Amino acid sequence: MQGWDENSRKPGEARGLAENDAVYDLVDVIEEPRIDAIVGGRLQDEIMKKVAEVAERVAREQFPGIAERVVREEIEKLKKSIDETP
């Protein structure tokens, strides 16, 4: 592409290839997984540990608000049922 200018491209617009751009096969840029991380199930152990940490953090952040909403709704139901009984 003669005269291609990076600054002339609009945001979000795809960039075309220039004559001197290198094109790589995926095998050239993707690293092989580390065998030592997979051996003995250590990778799975690390994944499970991270999942547990994230789940606990989400629970600690979300459960108090959910519990408060449920308790308030139940209190309103009880108040409504008391008001409706003669």
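In this predicted model, helix α3 has a kink of about 35° at Q62. The kink comes shortly before the proline P64. Helix α3 covers residues 42-84. How far apart are the end C-alpha atoms of α3? They are 60 Å apart, while the 43 residues, at 1.5 Å a residue, should span 63 Å, so the two values agree.

The protein chain as a whole contains three helices and zero strands. Along the sequence, the pattern reads α-α-α. The chain has 86 residues, of which 1% count as buried. Its accessible surface comes to about 8,500 Å², and 57% of that surface belongs to carbon and sulfur atoms.

**Salt bridges in α3**

Side chains of opposite charge can pair when their charged atoms come close. How many salt bridges does the structure hold? There are six, and the table lists three of them, with the N to O distance for each pair.

| Pair | N to O distance | Separation in the sequence |
|---|---|---|
| K50 and E53 | 3.8 Å | three residues |
| R72 and E68 | 2.9 Å | four residues |
| K79 and E76 | 3.7 Å | three residues |

Each pair can be placed along the helix. K50 and E53 both lie in α3, about one turn of the helix apart. R72 and E68 are four residues apart in α3, so about one helical turn separates them. K79 and E76 are also in α3, again with about one turn of the helix between them.

A salt bridge is counted when a side-chain nitrogen of Lys or Arg is within 4 Å of a carboxyl oxygen of Asp or Glu. The K50 and E53 pair meets this limit because its closest N and O atoms are 3.8 Å apart. The pair of R72 and E68, at 2.9 Å, meets it too, and so does the pair of K79 and E76, at 3.7 Å.

**Exposure of the paired residues**

Are the partners in these pairs buried, partly exposed or exposed? A residue counts as exposed over 50% relative accessible area and as buried under 20%, with partly exposed in between. K50 is exposed because its relative accessible area is 52%, whereas its partner E53, at 41%, counts as partly exposed. R72 has 53% relative accessibility and is therefore exposed. Its partner E68, with 43%, is partly exposed. In the remaining pair of the table, K79 has a relative accessible area of 45%, so it is partly exposed. E76 has 47% and is partly exposed as well.

**A nonpolar patch**

The surface also carries nonpolar side chains. Which residues form a nonpolar patch on the surface? The patch consists of L43, I47 and V51, which together have about 250 Å² of accessible area. One of these residues, I47, lies in helix α3. I47 counts as partly exposed because its relative accessibility is 45%.

To sum up, α3 carries a kink at Q62, a salt bridge between R72 and E68, and the patch residue I47.

How values were computed. Residues numbered from 1 in each chain as written. Predicted model: local features only at pLDDT ≥ 70, side-chain atom pairs only at ≥ 80, totals over all residues. Heavy atoms only, no water. Helix = DSSP H or I, 4+ residues; strand = E, 2+ residues; numbered from the N terminus. Buried < 20%, exposed > 50% of the residue type's maximum accessible area, 1.4 Å probe, protein only. Expected span 1.5 Å × (residues − 1). Bend = angle between axes of the 7 residues up to and from the residue. Patch = residues over 30% accessible without salt bridge, like charges linked within 9 Å, V, L, I, M, F, W, Y side chains within 5 Å. Areas by Shrake-Rupley, 256 points an atom, 1.4 Å probe, with all protein chains shown as cover.
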